[in-house]
Amino acid sequence: MASSIKQARSARPVHIVGGGLAGSEAAWQLARAGVPVVLHEMRPVRGTEAHQTDALAELVCSNSFRSDDAANNAVGLLHEEMRRAGSLIMQAADAHKLPAGGALAVDRVGFSAAVQETLLAHPLVELRREEIAGLPPADWDSVIVATGPLTSPALADAIARLSGEESLAFFDAIAPIVHHESIDQTIAWKQSRYDKAGPGGGGADYFNCPMDKAEYDAFVAALLAGDKTEFKQWEHNTPYFSGCQPIEVIAATGPQSLRFGPMKPVGLRDPRTGHRPWAVVQLRQDNALGTLWNIVGFQTKLKHGEQTRIFRTIPGLQNAEFARLGGLHRNTFLNSPRLLDATLRLKAEPRLRFAGQITGCEGYVESAAVGLMTGRFAAAERLGTALSAPPDTTAMGALLGHITGGADAATFQPMNVNFGLFPPIAPSEGGTLRGKERKQALAARALRDFDHWLAPTPLAAE
Ligand SMILES: Cc1cc2nc3c(=O)[nH]c(=O)nc-3n(C[C@H](O)[C@H](O)[C@H](O)COP(=O)(O)OP(=O)(O)OC[C@H]3O[C@@H](n4cnc5c(N)ncnc54)[C@H](O)[C@@H]3O)c2cc1C
């Protein structure tokens with residue numbers, strides 16, 4: 001064993017730039033396959049606009065990995081595929097999960113620490129704290145770029161030049177976090193939608209702040225009138241990713257939009273009235289101690305003073321103390337359908353592979369999943385073994401197919417995993433199914449095909 005590690009260490013390493021969710025998962029997959037890795041992470045030497053620590057795999061905003069329902073939900077299915085493929089990110093998430101209804105939420109500190117400790121304990125992983133401020137040196141023959149939506153400008157510019165793009169960026173927004181003791185529990189009550197108990201949950205995992213019609217109308221009016229962060233001239237045409245729109249942008253699409261979006265009251269009953277409120281603001285536990293709670297779906301580009309003023313009009317949050325306010329952030333991504341090949345290599349320079357949000361997937365789980373695939377592709381290439389892409393009937397394959405060719409390059413925007421990316425079920429296998437049954441058939445087919453894909457590889461979960 002010791003001699004095989006020594007032998008593996010002497011092989012040429014794969015360099016990974018960026019120790020976020022994708023880079024950490026890619027490093028783990030490579031090391032498990034016996035390939036040495038040098039992981040280059042610029043924090044704390046250089047920070048980003050959103051990261052607050054120097055930990056690997058830091059979660060920069062929400063602490064949720066979204067639904068953990070592998071039978072009915074595409075991201076839950078992706079969780080399960082990753083677990084079966086021995087994912088470090090899922091292992092750490094499961095070990096540090098918090099109650100959150102049907103969602104998989106994690107204690108962000110424990111989660112990142114677990115990822116970092118596991119990687120640093122592996123004899124084939126070396127961590128270097130440095131920024132790669134341009135194209136990686138020419139003698140690095142296999143590189144994974146996993147620098148995420150906040151890729152440092154020097155590297156982003158170099159990649160843009162190499163790929164012939166004018167720019168790789170657009171804009172997203174993040175949600176505020178509130179201190180637990182400042183939530184008025186005589187108004188806000190704890191309940192999960194439809195009392196659903198998810199992984200580690202008890203069916204009463206969210207705080208719910210109720211609004212009647214007058215309160216809701218006044219709130220929407222305040223959002224629309226609120227003072228927002230101005231775009232600079234050159235940013236005016238920079239689009240938002242639709243899954244992460246600021247609440248005031250959603251509110252501007254119509255007076256009822258928030259009631260059918262992040263403020264929907266379905267599955268909730270206010271114990272004080274015995275009825276479903278007109279609208280609800282939900283807060284989800286953000287740390288293991290339960291001292292911090294994030295306002296679900298409340299990404300915003302309101303100015304900070306306006307956020308405190310307007311959010312304190314929410315019943316139950318009238319005395320809210322904010323641990324963090326929402327804000328705008330850059331989102332750097334490639335036009336992957338045009339620029340990357342089927343195993344995520346840059347067509348213009350195939351020694352460079354890409355992973356994570358920079359490939360145009362969206363979300364923590366998707367970023368880690370693309371990291372997992374990239375790590376495996378790079379490992380197979382280094383070891384001289386064949387590895388095909390996961391079938392397009394699986395969540396991973398569907399996501400990969402979308403970003404490397406399925407999406408229209410002319411209108412490409414970051415994408416969450418969803419059942420719309422999966423090929424339809426054949427008529428002989430129940431092609432006429434609808435709704436829940438259709439999702440369940442797609443999920444069952446995915447797991448069957450995923451196991452088949454994993455079977456011949458030596459990298460399945462140990
Ligand atoms: C502010 C913000 C909020 C978000 N909120 C959510 C959310 O709530 N839920 C969700 O599912 N997704 C969210 N996302 C989207 C996305 O899921 C996360 O950004 C996720 O962390 C992406 O994973 P990644 O590995 O691609 O990038 P990251 O996790 O950001 O990792 C990239 C790493 O590369 C490092 N790096 C950058 N440039 C260099 C360089 N030149 N040299 C060396 N190191 C470098 C960075 O320091 C960072 O550690 C958010 C994104 C942002 C920016």
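Mentor: Before we turn to this predicted model, note that contact means heavy atoms within 4.5 Å.

Trainee: Which helix lies across β3 and β5, and at about what angle does it run to β3?

Mentor: The helix that lies across both β3 and β5 is made of residues 74-84. It is helix α3, and its direction relative to β3 is about 115 degrees.

Trainee: In what order do the strands of the open sheet stand, and which strands are at the edges?

Mentor: The sheet is open, has three strands with antiparallel pairing, and follows the order β3-β5-β4. Because β3 (64-67) and β4 (97-98) each have a single partner strand, one side of each is left without a neighbour in the sheet, and the edge strands are therefore β3 and β4.

Trainee: Which residue in β5 does K97 stand opposite?

Mentor: Strand β5, residues 103-106, pairs with β4 in the antiparallel sense over two bridges. In β5, the residue opposite K97 is V106.

Trainee: Which polar side-chain atom lies 2.9 Å from a nitrogen atom of the ligand, and how much of the ligand's area does the protein bury?

Mentor: A polar backbone atom of I132 is 3.0 Å from a ligand nitrogen atom, and a polar backbone atom of G363 is 3.2 Å from a ligand oxygen atom, whereas the side-chain atom at 2.9 Å from a ligand nitrogen belongs to S152. Taken alone the ligand exposes 960 Å², and the share of this that the protein buries is 96%.

Trainee: How many charged residues does the shell around the ligand have?

Mentor: The elements giving two or more residues to this shell are α2 (21-32), β2 (37-41) and α11 (364-383). By class, the shell has 14 nonpolar and 16 polar residues, and its charged residues number five.

How values were computed. Residues are numbered from 1 along each chain as its sequence is written. This is a predicted model: local features need pLDDT of at least 70, side-chain atom pairs count only at pLDDT 80 or more; totals for chains, interfaces and linings use all residues. Side-chain values use heavy atoms; hydrogens and water are left out. Two strands pair if DSSP finds at least two bridges between them. Helices (H or I, at least four residues) and strands (E, at least two) are DSSP runs, numbered from the N terminus. Axes are lines fitted to C-alpha atoms, for helices over the stretch in contact, and angles run from 0 to 180 degrees between N-to-C directions. A polar contact is a pair of N or O atoms within 3.5 Å; within protein, one must be able to donate a hydrogen and the other to accept it, and residues adjacent in sequence count only if both atoms are side-chain atoms. Accessible areas come from the Shrake-Rupley method with a 1.4 Å probe; for residues, only the protein chains shown count as cover. Ala, Val, Leu, Ile, Met, Phe, Trp, Tyr, Cys and Pro count as nonpolar, Asp, Glu, Lys and Arg as charged, and the others, Gly among them, as polar.
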